Amino acid sequence: MFDSLTQKLGSAFQSLRGRGTLTESNMRDGLKQVEEALLEADVSFPVVKDFMARVSEEALGERVLKSLTPDQQLVGVVNQELINLMGPVDHSLHLHTGVTILMLCGLQGSGKTTTCAKLAALIKERKKRPMLAAADLQRPAAIEQLHVLGRQIDVPVFSVTGATDPVQVCQEAVRAAKAQGVDVLILDTAGRLAIDQELMSELTQIDRRVEPDQVYLVVDGMTGQDAVNSAKGFNEALELDGCIMTKLDGDARGGAALSVKHVTGVPIKFIGTGEHIDALEEFHPERMAGRILGMGDVLTLVEQAHRKFDQEEMARQQEQMLKGEFTLDDFRKQLSQITKLGPMQKVMGMMGLDGGLSKMAGDVDMEGQMQRLFGIIDSMTAEEKRNPKKVIDQSRRRRIAAGSGVEPHEVNDLIKQFDGMASMMKEMAGMGVMDRIRMAKQMQNQLANNPNAQLAKKKVGTGKRLTPQERARMKKDRDREARRRKRMGKS
């Protein structure tokens with residue numbers, strides 16, 4: 001998501017760079033490109049109009065035009081206005097003593113039932129006891145789907161066999177939750193293919209009789225402005241407390257995410273970023289603005305890493321690197337940890353590295369390449385993994401290639417890559433997160449400047465190039481020292 005918008009905004013800012021001075025005319029041309037990028041991303045026209053009015057007022061002011069770096073100032077203005085457009089967001093679920101009731105609603109196909117389970121998993125992670133209630137009696141498979149998801153995350157699911165009244169199901173679910181000492185009850189209500197009177201009547205009855213503490217609308221980010229229109233309709237009937245936007249890992253242009261808050265006054269509270277049950281994140285406008293502008297989202301990446309990485313294994317690897325030890329086996333384990341964060345393209349984007357590397361990668365299947373790399377390493381002996389450059393000769397290279405189903409030159413390429421990577425990983429040991437990100441960006445630049453896209457091993461130099469006379473003098477000194485030691489040995 002946002003890939004096209006990020007590229008077009010980048011082009012707009014790039015057109016302003018490198019100019020000696022910026023005039024109001026130059027800036028207006030750049031702002032026009034920003035406006036076109038937003039409209040092409042399916043951002044609502046009234047939203048774009050208001051957004052550009054605020055950006056233009058700042059960008060055409062004397063503070064920006066007379067700045068030494070007007071293009072960077074413009075990025076800052078756009079960044080702040082994007083944050084204002086999507087926020088502020090209250091991330092609290094407002095849990096209280098007793099049973100907190102959360103009601104989820106939405107149209108069919110928005111991912112509502114799966115989102116109920118994702119939200120329950122998130123609440124369980126926060127050491128609270130959730131329960132799911134199957135009140136979607138409109139779609140026959142919804143009840144069974146919720147039970148399957150409940151078993152996956154080990155969360156109880158309340159349902160009534162043969163029930164026809166969703167209001168009664170919700171009321172009985174509240175009684176069951178209180179009896180079982182549940183902290184949070186999540187109601188999965190019915191959806192329709194479109195907003196109609198029957199749907200709204202059913203939801204308003206549940207809202208009135210059950211009195212949920214929070215009402216969240218689940219909207220499909222792939223549907224663009226239809227998602228915004230449905231959010232407006234639901235909010236008029238139910239007074240929503242927030243939106244949960246799903247499928248933001250797909251090819252959505254991102255316009256809905258930028259429009260919802262402005263059109264409805266209701267902020268996006270959570271976003272779904274994948275099919276896995278743990279792929280639900282808090283929505284942070286400032287982080288999303290960073291992603292849109294190609295600056296990455298390191299904080300979210302760090303939070304996910306803390307949740308999903310094996311912390312004991314990470315500590316062990318850190319200790320090994322501090323000792324100057326880093327093997328192909330360690331390299332494989334680190335890559336395996338990274339794959340838990342999602343597709344490599346997504347991870348690079350969150351690090352702010354996506355731009356340059358994705359262009360170089362082209363249509364390369366990065367996940368497929370990763371599996372080939374794992375296959376090569378798995379075909380090596382323990383000794384070969386410890387010291388590949390010294391141990392792996394031509395015959396071993398052929399054996400490893402045959403065992404992993406690749407060509408011998410691919411094994412050789414991996415060894416060369418690892419040789420450069422090992423010294424870099426040792427340098428990274430003990431660094432803070434931001435220092436590692438900076439080093440990763442240096443790595444990106446090195447890859448971009450290297451025709452073979454390989455990491456060169458860092459050369460250790462003397463700090464200056466020696467003249468022929470200096471080299472001859474040093475050789476004479478070495479010969480003299482050798483003769484002196486030889487005489488001392490004879491005596």
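**Strand S6 and its neighbours, plus Phe326**

Five bridges tie strand S5 (residues 214-220) to S6, and the two strands run parallel. Keep in mind that this is a predicted model. Here's a quick look at S6, its pairing on either side of the sequence, and a phenylalanine in a loop further along.

**How S5 leads into S6**
- On the way from S5 to S6, the chain passes through helix H10 (residues 225-238), giving a right-handed β-α-β crossover.
- For one concrete contact between these strands, look at aspartate 220, whose bridge partner in S6 is threonine 246.

**Pairing with S7**
- S6 also pairs with strand S7 (residues 268-272), again in the parallel sense, and this pairing has three bridges.
- Methionine 245 has isoleucine 271 as its bridge partner in S7.

**Burial of S6**
- S6 covers residues 242-246 and is mostly covered, with five of its five residues buried.
- Gly242, Ile244 and Thr246 point one way from the strand, while Cys243 and Met245 point the other way.
- Both sets of residues are buried, so if you're checking either side of S6, expect low accessibility: buried here means under 20% relative accessible area.

**Phe326 in its loop**
- Phenylalanine 326 sits in the loop between helix H14 (311-322) and helix H15 (328-339).
- Its relative accessibility is 6%, which is why phenylalanine 326 counts as buried.
- Asparagine 387 is 61 residues away from phenylalanine 326 along the chain, yet their C-alpha atoms are separated by 9.4 Å.

Definitions and conventions: Residues are numbered from 1 along each chain as its sequence is written. This is a predicted model: local features need pLDDT of at least 70, side-chain atom pairs count only at pLDDT 80 or more; totals for chains, interfaces and linings use all residues. Side-chain values use heavy atoms; hydrogens and water are left out. Helices (H or I, at least four residues) and strands (E, at least two) are DSSP runs, numbered from the N terminus. Buried means under 20% relative accessible area, exposed over 50%, partly exposed in between (1.4 Å probe, protein chains only). Two strands pair if DSSP finds at least two bridges between them. A crossover is right-handed if, with the strands pointing away from the viewer, the path from the first strand over the helix to the second runs clockwise.
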